[in-house]
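Colleague: Could you take me through the surroundings of the ligand, with the cut-offs behind each term?

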Amino acid sequence: MPVQQYDQGQLYHLLDLQGLPADFLLSLLDLAEHIKTKGPATDYRKAQLLNLFFENSTRTRFSFELAASRLGMRVLNFDTRSASTAKGESFHDTINTLAAMRPDIFVIRHSENGAVEQAAEILQNRVSIINAGDGHHAHPTQALLDLLTIRQHRGHFDNLRLAIVGDILHSRVARSLLNGLRALGVEDLRIIAPDSLMPDPSNSLGAKPFTDLREGLDGAEVVITLRVQVERKKDHSLMPPPDEYHQKYGITMERLGWAAPNAVLMHPGPINRGVELTDEVADSSRSLILKQVENGVWIRMAIMQKLLEARA
Ligand code: CP
């Protein structure tokens with residue numbers, strides 16, 4: 001049965017930004033700012049979070065753990081090496097088994113497209129589910145922290161020109177962020193990639209495609225460079241070697257100068273220094289990378305507060 005993630009201001013799951021209205025997205029950003037300055041409204045000490053990461057993570061996992069701790073929640077982490085999945089238990093059975101213990105929220109990361117939505121379809125409203133990244137499909141909390149970072153930097157989304165550089169074809173980060181920006185009315189969106197890493201034109205995500213970095217960066221106020229996904233070995237034939245990629249698409253200080261004056265650089269992490277960007281760019285005052293990481297905690301607190309309010 002299809003699952004309902006949102007209805008009239010109530011958030012039941014966060015699976016994807018698609019279908020979430022602009023006013024709700026903005027209200028999440030406002031709540032994150034409020035929590036940042038004033039702290040959470042309530043102590044959620046009776047609520048329990050299970051972090052289920054079937055794929056590696058540093059930022060997202062620890063960000064959820066810290067966010068939940070700051071809300072007063074109990075956090076339990078699932079270890080794929082010692083869990084019964086290592087004995088062959090199916091994803092379906094693992095999810096159902098853990099839900100029977102009646103936690104409030106599952107945070108799920110999985111390498112398969114659609115796995116998190118599948119979990120929500122299995123469990124319906126027994127547990128609220130947050131997608132912490134599934135395959136190439138969606139990474140909605142990353143998109144929300146990126147939106148928060150962009151709004152903090154510019155104050156608003158009006159007349160924004162934003163360029164995303166890198167492996168657009170395999171990027172759940174790009175897909176979710178473009179969904180969010182389009183919902184907020186941003187039209188001047190650009191994707192920059194070699195032909196082999198560019199999605200089919202029929203699926204260009206509402207952004208204008210460029211294969212030439214200089215043309216694509218022209219006038220962009222925000223430049224987002226994506227991680228070269230070295231672990232996705234089956235797609236390696238599409239990926240230029242790292243040196244060649246850096247030659248054509250690596251962001252250097254000089255190339256950042258092709259964008260708008262004072263353009264800022266963002267990256268979801270983890271970064272490959274010397275491939276997607278130089279040390280000089282990563283560590284410069286134009287880089288918002290660590291601000292993105294900080295904002296991840298505030299936005300995840302806001303998301304969990306909304307989910308817990310809907311469960312009350
Ligand atoms: N941006 C991001 O999802 O990073 P992690 O893989 O470290 O969670």
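Modeller: What follows is a close look at the ligand and the residues around it. This is a predicted model, in which local features need pLDDT of at least 70 and side-chain atom pairs count only at pLDDT 80 or more, while totals for chains, interfaces and linings use all residues. Residues are numbered from 1 along each chain as its sequence is written, and side-chain values use heavy atoms, with hydrogens and water left out.

Around the ligand stand S57, T58, R59 and T60, together with R109, H139, Q142, P268 and G269, where a residue is near a molecule if one of its heavy atoms lies within 4 Å of it. By class, this shell holds 1 nonpolar, 6 polar and 2 charged residues; Ala, Val, Leu, Ile, Met, Phe, Trp, Tyr, Cys and Pro count as nonpolar, Asp, Glu, Lys and Arg as charged, and the others, Gly among them, as polar.

Turning to individual atom pairs with the ligand (N or O atoms within 3.5 Å), a polar backbone atom of R59 is 2.9 Å from a ligand oxygen atom, and a polar side-chain atom of H139 likewise lies 2.9 Å from an oxygen atom of the ligand. At G269, a backbone N or O atom lies 3.4 Å from a nitrogen atom of the ligand. On its own the ligand has 260 Å² of accessible area, of which the protein covers 92%, as computed by the Shrake-Rupley method with a 1.4 Å probe.

Note on methods: Polar contact = N/O pair within 3.5 Å; in protein donor to acceptor, adjacent residues only side chain to side chain.
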